[in-house]
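Me: Please take a close look at a single part of this model, and follow its surroundings outward from there. I would like one connected account rather than a list.

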Amino acid sequence: MRIRIVDAFTDRPFAGNPAGVLLLDAFPDDDRLQKIALEVNHAETAFAHPLPGGGEADWALRWFTPTTEVTMCGHATLATAHVLHTTGAHEGTVRFATRSGVLVATPQEDGTITLDFPTAPLTPVEIPAGVAEALGARPRAVVDTGPNVGDLIVELADEKAIHALTPDLKALAAYSARGIIATARAEDPARGYDFVSRCFFPNAGIDEDPVTGSAHTALAPFWSERLGRPDLTGLQASPRSGRVRTELRGDRTLLSGRAVTVIEGELLA
């Protein structure tokens, strides 16, 4: 098997969010997929194989963290589409059959790839007792993102509060299925982004995810409502950092970014 490590939602290596990508003839058993993902040890490893022509999708796609299979992953989908496009394994728009339905990735002439994902349904909730202490900051509002994303959005007072976070990850694990998306309005939109976020996913074996596409299917409607625009850019302020352009289209959200292959090798085991 050829295995590639791709940095997603960035135009330069060693930034954005790294994902393992393996193009297969068929999926092996789940235990082997999970062991490979643990060996790769990035936030997600994507496994894909081609489907027969004439169906609703072109490739089957699954995503695994080091500890579990996930329902949706944006950055590993972007990474997979990048590999398909740059290796010639698939030309043009590609449709992926996934646990979240058919997801579409469209390459642009400048190297950007646009993903068509379902918009997360948002439900405001009461601020859970103890979440401020676990996060280390006082929330302004808390929103549930529904089953596909499985996080709580926690809005903080300002961008400085996002950068300063040093959460208690063990305590955060009690508040949602996957983790916490902390977010705030950009301090200065002239810097090229409209909102900032950080994502902590202790229940998926990921302390802090560098750049999270799936989270932006919730951040897009959250901030579009507050800022009054469907087209926004989010900065995920992890140490690696990355930007995600979002376009809200009702029950679908478009996520756009670039990717860079940094490692290519052969899986021997």
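Reply: Once its neighbours within four places in sequence are set aside, Leu78 is in contact with Ala8, Phe9, Ile113, Leu115, Gly257, Arg258 and Ala259. These contacts belong to a predicted model, and they are a convenient point from which to describe the helix that carries Leu78. That helix, H2, runs over residues 74–87, and its 14 residues reach 20 Å from the first C-alpha to the last, close to the 20 Å expected at 1.5 Å a residue. H2 is mostly covered, with 11 of its 14 residues buried; the buried residues are Gly74, His75, Ala76, Thr77, Leu78, Ala79, Thr80, Ala81, His82, Val83 and Leu84. After H2 comes Gly88, which has a positive phi, near 80°.

The largest nonpolar core has 30 residues, of which Trp63, Leu78, Val94, Phe96, Ala105 and Leu115 touch the most other members. At least two residues of this core come from each of strands E1 (2–8), E2 (17–23), E3 (44–50), E4 (59–64), E6 (94–98), E7 (101–107) and E8 (113–118), and likewise from H2. It is H2 that gives the most to this core, with 6 residues. Another core lies apart from it, made up of 19 residues that include Val142, Ile162, Ala184 and Ala237.

Among the contacts of Leu78 is Phe9, a residue in the loop between E1 and E2. Phe9 is buried, with a relative accessible area of 3%, and its phi is positive, about 60°, although Phe9 is not a glycine. As a general matter, most residues other than glycine have a negative phi. A second case of this kind is Ser241, a residue other than glycine whose phi is near 65°. Ser241 lies in the loop between E15 and E16 and is partly exposed, with a relative accessible area of 24%.

Phe9 also leads to the largest pocket, which is lined by 17 residues, with Phe9, Thr10, Asp11, Gly242 and Arg243 lying nearest its centre. The volume of this largest pocket is about 250 Å³, and its lining residues divide into 4 nonpolar, 7 polar and 6 charged. Strands E15 (231–236), E16 (242–249) and E17 (252–257) each supply at least two residues of that lining, and E16 gives the most, with 4 residues.

Within strand E16 is the place of Thr246, which is buried because its relative accessible area of 3% falls under the 20% limit. Leaving aside neighbours within four places in sequence, Thr246 is in contact with His216, Ala220, Pro230, Asp231, Leu232, Leu254 and Leu255. Thr246 and Thr217 are 29 residues apart along the chain, and their C-alpha atoms are separated by 8.1 Å.

The second largest pocket holds about 170 Å³ of space. Its lining comprises 15 residues, of which Val70, Thr71, Asn148, Val149 and Arg178 lie nearest the centre, and these lining residues divide into 6 nonpolar, 6 polar and 3 charged.

To return to the starting point, Leu78 is one of the buried residues of H2, and Leu78 is also named among those that touch the most other members of the largest nonpolar core. Its contact Phe9 is one of the residues lying nearest the centre of the largest pocket.

Conventions:
Residues numbered from 1 in each chain as written. Predicted model: local features only at pLDDT ≥ 70, side-chain atom pairs only at ≥ 80, totals over all residues. Heavy atoms only, no water. Expected span 1.5 Å × (residues − 1). Buried < 20%, exposed > 50% of the residue type's maximum accessible area, 1.4 Å probe, protein only. 1 Å grid on protein atoms, 1.4 Å probe; cavity = no way out; pocket = protein on both sides within 12 Å on 5 of 7 lines; lining within 4 Å. Points joined across faces, edges and corners; volume = space filled by probe spheres on them. Nonpolar A, V, L, I, M, F, W, Y, C, P; charged D, E, K, R; others polar. Core = buried A, V, L, I, M, F, W, Y, C linked by side-chain atoms within 4.5 Å. Contact = heavy atoms within 4.5 Å.
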